[in-house]
Amino acid sequence: MKKAFTILSMVIFGGMLVYNCEPDPDSLGEQLFLDGAAEGNEVPYDVIAYNISNNDSVRSDASKLGLATLGAFNEGQFGMQKASYYTQLRLAAYDPDFGTNAVVDSVVLVIKPTYASDSLTTTTDESYVYPDGAVAAKKVVNTYRATKYGRTKANGGNLTVKVQEVTEFLNGYSDIAYSNKNYAVNLNASEQLGSKTFNGSVNSIAITKDSDNSSLFSSEAGFRIPLKPEFFQTKIINKKGQPELKDVASFIRYFRGLKISVEENDGYLVQFSPSSVELIMYYKSDKVENGTTTRPQTKYAFSIGNGNAHIGNYVYNRIGSEVEKVVPNTTTGDAKLFAQGMGGNSIGIKFSPTEIDNLRKLYNDKKAAIVSAKIRMYTDNVAWNNKYKKPTLLTIVQKDKDTDNKETTNFTNDLLLLSATPNFAYLRAYDLDKNPAYYDFTVTQSLKEIVEAGANYANKYFKIDMGNFLQSSTGNTLAGYQFTSRPFSTDRAVFIGSDPLNAKKIQLRVTYGTK
């Protein structure tokens, strides 16, 4: 990966510990705590696991959007997902003076997808001629493979990226926005601001003058999309001195923003940081020195990063997919569990009252105290038998109801109370390079409070999502249970749920000791 974005490189105290190893032998099918079971044995215990629909929507405004997603991906389990991106832009300074007889030469929008830094290839043109002034130069282009999720070879590995003008106000940076909201754009094909084929790679460019090796042009690794100069001539340059360019409030209602999307309905998804997007306008205007008029080129960079509204737009077509067939069963559970980031399904897990009664009886009669408890969940080795990377990051929170019967959400009791314990991890992932992979969620403290302390659990359940918990700005603590990478997590997977016919069904695995 390129740079490790702080918002993505979250390590939760003891960390997300990932192992690739063979699973421990299971005792699936045995009764929990059989007479004569050896002390310290790990014993399986059934749970009720079911799908939770999020109506294909999630908050995706600037405060939630650590990464913007672009592209489309269609597969049989989850259907089609198409991701676009809206952004505001602002002037670098208001009431700008572009000089006399200003004319736009070119405009470029630069997005910087994440990429594999070890995929570098370099091409050098020693005979390059820099077009502005026909300067003899050398051009060096470094190319990297962008990080992709989906069908990387579909459409020849290409996506057609297009840029349109937004015609509906995007509100402010701090306003809430949801991923299923489509903001109006100029649909006139002739008014499209730009379009370019993305071939799955990003380039950095360095152009140096032959005569003295000085820099003529340089750019970081990214994807550059040329936009229509005439649009910016009319929209910006010709508005010099007009009220539309006088202040930020007027400008963001005059030039409401840009939408970046793709033409295709299948292919892959790429991601980039909204704060790294650039919009650069190159123009020339008259400059008089010693009675001589020249027209040097000026670079004008719009403010398009932090402080602007940024919104992820996610469109789904579930028709014919396996997830479309799901009717959640919260009583006995679902045989298959579908989890997807960016507004897709979540997973709910409840404890069975009958089994909790059995655990309490064992504790009261035999003083069998819980030493550890974890929920083990396997990917479905048939439904999710593919080459897509297995998710490494998932979150788990606990849901309950307060005295007013309103649903509450918080970190699990294990995270709240045991996070400082050495080597603690709320999640451990195993066999990510195999089929199936499996995941263990630590719920020791949560279960002990129910079984040993008699806590009420009638309305309690766990909710699992794709993504990871985000850290606070200090980097030492978690920002809160509600701050996760779920709004921009491209991951998805099918897991084995409460399927009595499957040996790898989701289960609680308890290790206990006798006092």
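How much accessible surface does the protein have, and what share of that surface belongs to carbon and sulfur atoms? In this predicted model, the accessible surface comes to about 22900 Å², and carbon and sulfur atoms account for 48% of that area. The C-alpha atoms fill a box of roughly 100 × 50 × 45 Å when the box is taken along the principal axes. Of the 515 residues in the protein, 51% are buried. The secondary structure consists of five helices and 29 strands, and among the contacts with a separation of 6 or more, 81% are between residues 24 or more positions apart. As for charge, the protein has 57 positive and 54 negative charges, and the mean positions of these two sets are 2 Å apart.

From these totals one can turn to the space within and around the fold, beginning with the second largest pocket, which holds about 560 Å³ of space. Its lining is made up of 24 residues, and those that lie nearest the centre of the pocket are Val108, Lys139, Ile205, Phe217 and Arg224. Two or more lining residues come from each of the strands β6 (100-111), β7 (121-130), β11 (194-198), β12 (201-209) and β13 (215-227). Among the contributing elements, β13 gives the largest share of the lining, namely six residues.

The enclosed spaces are a separate matter. The structure holds two cavities of 30 Å³ or more, and the largest cavity contains about 40 Å³ of space. Thirteen residues line this largest cavity, with Leu170, Gly172, Asp175, Ala177 and Ile311 lying nearest its centre.

Which strand holds glutamate 165? This residue lies in strand β10, which spans residues 159-165, and glutamate 165 counts as buried because its relative accessible area is 10%, whereas the term applies to values under 20%. Once neighbours within four places in sequence are left aside, the contacts of glutamate 165 are with Val185, Asn186, Leu193, Phe231, Lys235, Phe255 and Gly257. For one of these partners the separation is also given by the C-alpha atoms: glutamate 165 and phenylalanine 255 are 90 residues apart in sequence, yet 8.1 Å apart in space.

Serine 261 offers a second view of a strand residue, since its place is in β14 (residues 258-262). With a relative accessible area of 4%, serine 261 is likewise classed as buried. Beyond residues up to four places away in sequence, serine 261 touches Leu70, Ser84, Thr160, Val161, Lys162 and Gln164.

A loop residue gives another picture. Threonine 392 lies in the loop between β22 (368-378) and β23 (394-401), and threonine 392 is partly exposed, with a relative accessible area of 31%. Its C-alpha atom is separated by 26 Å from that of valine 371, a residue 21 positions away along the chain.

The backbone geometry deserves attention in several loops. Most residues other than glycine have a negative phi, and most peptide bonds are trans. Methionine 342, in the loop between β20 (336-340) and β21 (346-350), has a positive phi, near 60°, and at 0% relative accessibility methionine 342 counts as buried. Aspartate 431 also has a positive phi, of about 55°, although it is not a glycine. This aspartate is found in the loop between β25 and β26, and aspartate 431 is buried, with a relative accessible area of 3%.

Where is proline 436 found? Proline 436 is in the loop between β25 (427-430) and β26 (438-442), and the peptide bond that joins asparagine 435 to proline 436 is cis, with omega about 10°.

Further along the chain comes helix α5, which covers residues 444-451 and is mostly covered, six of its eight residues being buried. The buried residues of α5 are Thr444, Gln445, Ser446, Leu447, Ile450 and Val451.

Technical notes
Residues are numbered from 1 along each chain as its sequence is written. This is a predicted model: local features need pLDDT of at least 70, side-chain atom pairs count only at pLDDT 80 or more; totals for chains, interfaces and linings use all residues. Side-chain values use heavy atoms; hydrogens and water are left out. Helices (H or I, at least four residues) and strands (E, at least two) are DSSP runs, numbered from the N terminus. Buried means under 20% relative accessible area, exposed over 50%, partly exposed in between (1.4 Å probe, protein chains only). Contact means heavy atoms within 4.5 Å. Accessible areas come from the Shrake-Rupley method with a 1.4 Å probe; for residues, only the protein chains shown count as cover. Lys and Arg count as positive and Asp and Glu as negative; His and the chain ends are not counted. The place of a charge is taken as NZ of Lys, CZ of Arg, CG of Asp or CD of Glu. On a 1 Å grid over the protein atoms alone, a cavity is a set of points where a 1.4 Å probe fits but cannot get out, and a pocket is an open set with protein on both sides within 12 Å along at least five of seven lines; lining residues have an atom within 4 Å of a point. Grid points are joined across faces, edges and corners, and a volume is the space filled by probe spheres set on the points.
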